[in-house]
Structure formats: structure tokens, C-alpha cells
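Hi there,

Here is the structure I promised to pass on. Have a look at it first, and my notes follow underneath.

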Amino acid sequence: MCGIVGYIGHRDAYPVIIKGLQRLEYRGYDSAGIVLFDGEQTHLSKTKGKVEDLKKKSEAAIATKGKLGLGHTRWATHGVPNDINSHPHYSNSGDLVIIHNGIIENYEAIKKALMERGYTFESDTDTEVLVNLIEEVKKKEGVKLGQAVQIALNQVVGAYAIAVFDKNKPDEIVVAKLGSPLAIGIGENEYFIASDASPFIEFTNNAVYLEDEEMAIIRIGKEIKLRKIKDDAIAYPNILELQLNLEEIEKGGYDHFMLKEIYEQPRAILDTYRGRLLADQGIIRMAGIDQNLEKFLNANRIIIVACGTSWHAGLVAEYIFEDLARIPVEVEYASEFRYRNPVITENDVLIAISQSGETADTLAAIKLAKEKGAFVFGVCNVVGSSIARETHAGAYTHAGPEIGVASTKAFTTQITVLTLIALKLAHERGMFSESKYHEYLAELEGIPAKVEKTLLSNELVAQISDTYKDSTNCLYLGRGYNFPVALEGALKLKEISYIHAEGYPAAEMKHGPIALIDEQMPVVVIATKKGHYEKVVSNIQEIKSRSGRIIAVVTEGDKSVKELADHVIEIPETSESLSPLLTTIPLQLLSYHIAVMRDCNVDQPRNLAKSVTVE
């Protein structure tokens with residue numbers, strides 16, 4: 001949930017760390033801190049608020065010179081967001097300094113034991129407990145920092161990515177990982193540490209991603225020394241060449257990352273099926289599926305696990321797999337999956353969906369499914385992420401970096417990947433004719449152009465947003481393939497504008513939500529031409545008769561809904577199974593514009609973080 005940045009080398013660490021924190025602020029932004037070592041003493045600055053607040057405070061209050069430094073941007077778990085609970089944290093002696101992402105679940109027992117030995121604590125954090133545990137081990141066992149970290153981590157329960165240094169040994173940083181991502185950038189006589197590669201991409205393209213239960217000792221002038229935390233076995237770094245480029249993580253002239261990422265969807269969808277979809281040849285080529293085709297074809301069922309927006313993409317996939325490929329599908333919240341003692345067999349296929357590839361609940365579901373013998377397939381966006389490594393096979397979405405906390409292009413690219421899989425399996429199972437198969441492929445190939453056309457509604461959506469920006473509640477309705485889109489539209493509005501919103505299957509409106517409808521209630525209805533159109537029109541008439549304000553998403557040329565709705569947003573015609581790739585676009589724009597008009601922080605909505613690496 002938090003963002004970690006570290007540097008050791010020949011440069012001034014301060015500008016590297018501050019810029020890195022700004023790029024990682026999507027991971028947490030309720031407080032931030034930095035520590036620098038100038039060769040003689042440490043300089044610490046931390047504050048409640050954003051990285052910009054930290055920048056102002058540190059430049060006014062501390063010396064910002066030093067070739068070694070650690071920085072942190074926080075999403076609070078233990079302790080409220082304030083200056084004291086912000087990272088970095090010192091040990092009692094002041095010699096050790098730590099930053100930490102994750103949760104130490106048994107911190108209370110450790111804290112109690114340390115207090116009995118005379119340790120005191122300023123903050124409410126589990127992190128301050130951890131750094132003092134490391135110090136206690138170092139003193140008691142008479143070992144170096146690296147070994148002290150290893151021994152201490154074998155005593156903790158939970159998840160972590162940490163970076164720690166000893167001011168008495170200023171040429172070394174020790175890092176470790178379990179359940180939270182950590183990358184090491186390798187430069188010329190310098191090293192970078194970060195939660196992802198974005199803080200150091202302009203300095204080096206070479207990186208090592210730590211595996212779970214690995215630690216690294218990073219020293220100037222020496223190669224990285226990797227060890228297994230559990231048994232001290234030597235590990236060998238796998239140095240990857242990064243494909244990320246700097247332009248992808250900048251706003252590129254847009255006011256917000258979210259708007260930029262909404263407009264990137266035509267290219268992102270194209271990049272996702274590029275090389276996989278050869279429509280003119282009738283070919284879908286996906287290595288992860290091709291090499292494991294029998295697993296899918298012989299599966300009793302497919303279980304999809306995900307959280308948040310990825311769960312909504314999974315719901316769309318349920319319709320697609322069952323409709324086209326005729327394979328039974330169950331969609332589960334990853335956060336509930338392993339706690340309800342699910343029935344999983346060796347004949348099941350589990351598909352895990354996550355934008356970041358680091359979602360803790362989804363990783364836990366993967367591990368449970370693997371223990372039960374199921375085949376596990378991952379769908380994620382981040383190359384080298386934990387889910388990519390933990391699954392038996394998988395497919396990347398190729399959406400490019402998504403910085404805005406509210407996912408947009410993640411949703412459409414996940415649906416694109418899942419549609420490719422469903423179409424391939426349907427074809428292999430002989431579920432429809434060759435001509436119908438080619439028709440589906442051609443329609444999918446044409447989706448990016450139709451998304452481009454849908455984005456032309458931006459000005460109209462902005463005008464509609466101005467009408468409803470002061471609403472306190474909103475209802476979203478859809479049927480069939482577009483019921484999950486209604487859920488996703490409501491989630492987006494909640495996330496970034498803080499307006500209460502709910503998504504429902506349109507027919508369920510009569511079973512409760514209709515009691516809420518009056519002249520103050522905006523109702524967003526997805527009413528495309530294909531898929532229960534007449535039924536949805538009937539639902540719209542029911543809303544109209546109760547004075548509800550109707551915003552309808554319709555197919556181009558629609559006449560019936562136009563006569564009933566207060567506002568109409570048109571999308572190009574497409575097949576019912578692909579319509580979510582278009583109907584979601586106006587809903588993303590609606591939530592964006594309403595949030596901007598309400599003066600909300602669109603990219604960093606309150607209380608949220610992009611990558612949920614704690615359960």
C-alpha cells in the first residue's frame with residue numbers, strides 16, 4: 001500500500017528520492033518522509049500530507065545533501081496519518097533507520113517483549129517495532145545488520161517490503177520482501193530501491209525484482225548479495241531489462257492521470273490484442289493458453305478470483321465464457337474466497353485477475369488453489385509482479401502504467417484478454433460456425449476505433465456532469481453483459497467523487513431500490529440495442545413514472561429511449577458480448593467530470609491506494 005524509494009551511490013540522493021516518491025504517490029498519500037545520510041549524520045523530515053508538503057518542509061528544515069537516502073509515502077495501517085507515524089523510523093539508539101510497506105501482524109507481542117527489555121516507542125506503528133527488533137537482535141546476537149534483519153524477519157508474521165540502513169555502515173542498505181513488491185535498480189556504481197521501477201527508469205533499465213522471502217545486501221562497489229530469509233541459502237539475481245519508458249508515467253498534457261488513461265484505452269486495447277489476434281487468418285495466439293489448452297478444455301469449471309474493478313471484469317468474463325464457450329464459471333471476491341473453505345478440485349481452472357499483480361487477497365487465493373491442485377492462470381498488467389510469478393501460466397494486459405488510483409484502462413484491457421481466451425476456447429470446442437467466429441474476431445479488432453468514437457462524447461458528458469455534480473446518491477442499472485458495467489460505473493463515482501452510488505441488475509430495481517427514486521435521484525441506465533432492450537425500456541418507463549432523472553447510454557440511432565430519457569449518450573453498435581468495452585467509457589468520463597467539478601483529488605482519492613498489498 002505504501003511507496004518505498006531508496007538510493008545509494010554517487011548522486012545527491014534527495015532529488016532522486018523526492019521525484020521517486022512523487023511517482024509512487026499513487027500507492028499511498030496520507031503522509032510522507034525522507035532520511036538522508038551525509039557521511040556523518042542523518043537528516044530526517046516527515047509530515048502528514050502529500051509529497052509536495054514533504055518537499056517544502058524538508059527543503060526548509062533539513063540539510064538535503066547526502067549520497068544515501070530512503071523515502072516513503074504512506075497509506076496508513078497502524079496509527080493515524082500524522083508526522084510521528086510517518087516513515088522513516090529510527091531504532092531507539094538512532095543507529096538504524098527503516099522504511100516499510102506491509103503489516104506485521106504479531107507486532108503487539110513483539111512490542112510488549114521489547115518494552116520489557118527497556119525499549120520505548122514514539123509512534124503507533126508496527127514499523128517502529130520492527131526496526132527495534134532488528135536492533136535488539138543485532139546487539140544480542142552480535143551480528144551484522146544483514147544477519148540481524150534475517151533473524152528478525154524469521155520472528156515476524158505478516159507482509160513486508162523493507163529497506164534499512166545503519167548509519168555506522170553508510171555504504172550498505174539491506175532490503176527484504178514478503179508479499180509486497182520491491183525492485184532494485186542497478187546503475188553504474190549506484191543502486192536504486194523502489195516499490196516499482198518508475199522512480200529510477202531514467203537512470204537505468206536494469207532491475208532485479210526480489211522474490212518472496214528474499215533479502216538483499218546492497219553495497220557500493222559490490223554486486224548485490226541475495227539470500228533466502230528462511231534458511232540463508234544463496235539466491236542468484238535475475239536481472240531484467242525494463243521496457244517502461246518515461247513518457248508513459250508522465251501526464252502528457254492531460255490535467256489528470258485518470259483522464260489520460262481513459263483516452264489511452266484505444267491504444268491499450270490494441271496493444272493487448274496485438275500479436276495475439278490475427279483476425280484475417282482466424283487465429284488467436286496466446287502462449288499461456290496454447291501451452292495449457294487441455295487444462296481449459298477439460299476443466300469442470302473456471303473459478304475467477306479478483307477484487308474491486310478486476311472483480312467486475314471477472315463478472316463480464318463470466319457472461320462471455322458461459323455464453324460463448326459454454327464452460328461453467330464462478331466469480332469470487334478474492335478477499336472472501338479462502339475464508340469460506342471453498343470446494344476446489346484438480347479439474348478446476350482458477351483465473352486470478354489483478355492490475356498490479358500484487359493484490360494480497362488474490363495472491364492468497366492463488367496459493368490456496370495451488371495447494372488443492374487446481375491449474376492457476378494469471379491476468380495482470382505488471383511484468384514480473386508476484387501474481388505473474390506465482391501462477392502456472394498467464395497473460396499480460398499490456399495496458400502500460402496505470403497511475404490513477406481509479407482503474408480505467410485496466411478494466412477494458414482485462415476484458416479484452418478474457419474475451420480472447422473465451423473466443424479461443426469456444427472455437428476449439430466448436431461452439432459456433434467458422435463464419436460466426438471470424439465475425440467475432442473482426443468485431444473485436446474494430447473495438448479500438450469504436451472506443452475512439454465513444455470518447456467524442458466527452459463534452460456532452462461534461463455538460464451532463466454539471467447538472468448532477470451536487471447529487472448525493474446515484475443509481476446505475478444494466479442487464480446481462482452490462483450489469484457488471486453498472487457496478488463498475490457506480491464504483492468509479494464512489495471512488496473519486498465521494499457520491500454514494502449503487503449498481504443493480506435493472507430488473508432488481510423493483511425489489512427495493514425503486515423506493516429511492518424521486519426527482520432528486522439521477523439514474524444511469526445502460527440501454528444498448530442488443531441484450532434485453534425492450535425489458536430495459538420498460539425499466540426506464542418505471543423510473544420516468546416516478547420522476548427519476550434518467551441518463552441513458554444507448555446505441556447510435558436509438559429512438560425509443562431518447563423519448564424517455566433526460567440525457568442520452570450514444571455509443572457505436574457492436575456485438576452484445578463486446579458492448580462493455582464501449583458502455584464503460586461514458587461512465588468513466590461521468591465520474592471523472594463530476595469529481596473535477598466537486599474539486600476532488602481525482603488521481604488520489606481519499607483513503608484509497610492503487611496497489612492493495614495487505615489483506
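**An enclosed strand and its sheet**

Let's begin with strand S6: 9 of its 9 residues are buried, so the rest of the structure largely encloses this strand. Please keep in mind that this is a predicted model.

S6 belongs to an open sheet of 7 strands, with antiparallel pairing and the order S5-S6-S7-S8-S12-S13-S14. At the edges stand S5 (89-90) and S14 (234-235); each has a single partner strand, so one side of each is left without a neighbour in the sheet. As a general reminder, strands of a sheet pair through backbone hydrogen bonds, either parallel or antiparallel.

**The two partners of S6**

On one side, S5 and S6 run antiparallel and are joined by 2 bridges. Tyrosine 90 is the residue that stands opposite valine 97 of S6. These two strands make a hairpin with 5 residues between them, and in the turn you will find glycine 94, with a positive phi of about 85°.

On the other side, S6 (residues 96-104) runs antiparallel to S7 (residues 158-166), with 9 bridges joining them. Two of the facing pairs are easy to look up: valine 97 stands opposite phenylalanine 165 in S7, and isoleucine 98 stands opposite valine 164 in S7. Valine 97 therefore faces tyrosine 90 in one direction and phenylalanine 165 in the other, while in a regular strand the side chains alternate between the two faces of the sheet.

**A helix across the sheet**

Helix H5 (residues 145-153) lies across five strands you can click through: S6, S7, S8 (172-178), S12 (214-219) and S13 (225-228). Relative to S7, helix H5 runs at about 160°.

**A charged residue worth a look**

Is glutamate 214 buried or exposed? This residue lies in strand S12, and with a relative accessible area of 6% it counts as buried, because the cut-off is under 20%.

Which side chain does the side chain of glutamate 214 meet in a polar contact? The partner is the side chain of lysine 228, at 3.1 Å. Glutamate 214 and lysine 228 are 14 residues apart in sequence, yet their C-alpha atoms are 4.7 Å apart in space. Leaving out residues up to four places away in sequence, glutamate 214 also touches others, among them Val175, Ala176, Lys177, Leu226 and Ala235.

Best wishes

Notes:
Residues numbered from 1 in each chain as written. Predicted model: local features only at pLDDT ≥ 70, side-chain atom pairs only at ≥ 80, totals over all residues. Heavy atoms only, no water. Pairing = 2+ DSSP bridges. Helix = DSSP H or I, 4+ residues; strand = E, 2+ residues; numbered from the N terminus. Contact = heavy atoms within 4.5 Å. Axes fitted to C-alpha atoms, helices over the stretch in contact; angles between N-to-C directions. Buried < 20%, exposed > 50% of the residue type's maximum accessible area, 1.4 Å probe, protein only. Polar contact = N/O pair within 3.5 Å; in protein donor to acceptor, adjacent residues only side chain to side chain.
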